[in-house]
Amino acid sequence: MAKIGRNDPCPCGSGKKYKKCCMASDEGAARAARPAAVVARRPSLASYVEEDNERDELTEASNRVVDMVQAGNLDTAEQAAHELLARFPDVHDGYDRLGMVCEARGDYRQAVDRLETQANTTPAEPAAPTPASASPGAQRPQGIHACGAEPP
């Protein structure tokens, strides 16, 4: 069946142009008949706002842990890092912050373990070269841990 043009006579027989008669109701029925998946593939503005708010919460919570470590409140910082990890399990920040707490306590083995866990949970993506990895074959100096701290 050929598509009805906007300016063609309406097929209902009213004598009016299609655009002035049945076009709106036909288009509404066609929209309703579309599969939900087609409509659902476009994220709404609300989902972008919600995602942005979640990122802000993550950033604020992560920065609070850093502030606590720098202020020497290590027990509180450790608790906050565990809460960060529980709230955002798919993000590496919780492990990173736990590593910072362990490093501040002088527990370098535990700090390295936390940072290794962080590295294993972080999605693979190309990283910017660091001075140690900028030249091919460059290695970390002997005795320096992954967190950058020298052992006692």
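**Salt bridges and overall architecture of an all-helical model**

The structure holds 5 salt bridges, a salt bridge being a side-chain nitrogen of Lys or Arg within 4 Å of a carboxyl oxygen of Asp or Glu. The model is a predicted one, in which local features need pLDDT of at least 70 and side-chain atom pairs count only at pLDDT 80 or more, whereas totals for chains, interfaces and linings use all residues. Residues are numbered from 1 along each chain as its sequence is written, and side-chain values use heavy atoms, with hydrogens and water left out.

The protein contains 6 helices and 0 strands; helices (H or I, at least four residues) and strands (E, at least two) are DSSP runs numbered from the N terminus. Read from the N terminus, the order of elements is α-α-α-α-α-α. Of the 152 residues, 22% count as buried, where buried denotes under 20% relative accessible area, exposed over 50%, and partly exposed the range in between (1.4 Å probe, protein chains only). The accessible surface amounts to about 11,200 Å², and carbon and sulfur atoms account for 51% of this area. Accessible areas were obtained by the Shrake-Rupley method with a 1.4 Å probe, and for residues only the protein chains shown count as cover. Contacts are defined by heavy atoms within 4.5 Å. Among contacts between residues at least 6 apart in sequence, 35% join residues at least 24 apart.

Two of the salt bridges involve helix α4 and another helix. In the pair formed by E57 and R87, the side chains meet with an N to O distance of 1.8 Å. E57 belongs to helix α3 (residues 45-71) and R87 to helix α4 (residues 74-87), so this salt bridge ties together parts of the chain that are 30 residues apart in sequence. The relative accessible area of E57 is 35%, and this residue is therefore partly exposed. A salt bridge is also formed between D75 and R105, whose closest N and O atoms are 2.7 Å apart. This pair likewise links distant parts of the chain, with D75 in helix α4 and R105 in helix α5, 30 residues apart. D75 counts as exposed because its relative accessibility is 58%, while R105, at 38%, counts as partly exposed.

Within helix α6 (residues 108-121), R109 and D113 are 4 residues apart, which means that about one helical turn separates them. Salt bridges that share partners join D75, E78 and R105 into one network. The side chains of R109 and D113 themselves meet in a salt bridge at 3.0 Å, N to O. Both residues are partly exposed, R109 with a relative accessible area of 46% and D113 at 29%.

Helix α5 (residues 93-105) also includes R97. With a relative accessibility of 12%, R97 counts as buried. Apart from residues up to four places away in sequence, R97 touches S62, V65, V66, A81 and L84. Y95 is likewise placed in helix α5, and its relative accessible area of 18% makes this residue buried. The C-alpha atom of Y95 is separated by 8.3 Å from that of H82, a residue 13 positions away along the chain.

On the surface, R6, K17, K19 and K20 form a positive patch. Patches comprise residues with over 30% relative accessible area and no salt bridge; like charges are joined within 9 Å, and nonpolar side chains (Val, Leu, Ile, Met, Phe, Trp, Tyr) within 5 Å. Lys and Arg count as positive and Asp and Glu as negative, with His and the chain ends not counted; the place of a charge is taken as NZ of Lys, CZ of Arg, CG of Asp or CD of Glu. One member of the patch, K19, is found in the segment before α1 (23-33). K19 counts as partly exposed, its relative accessibility being 34%.
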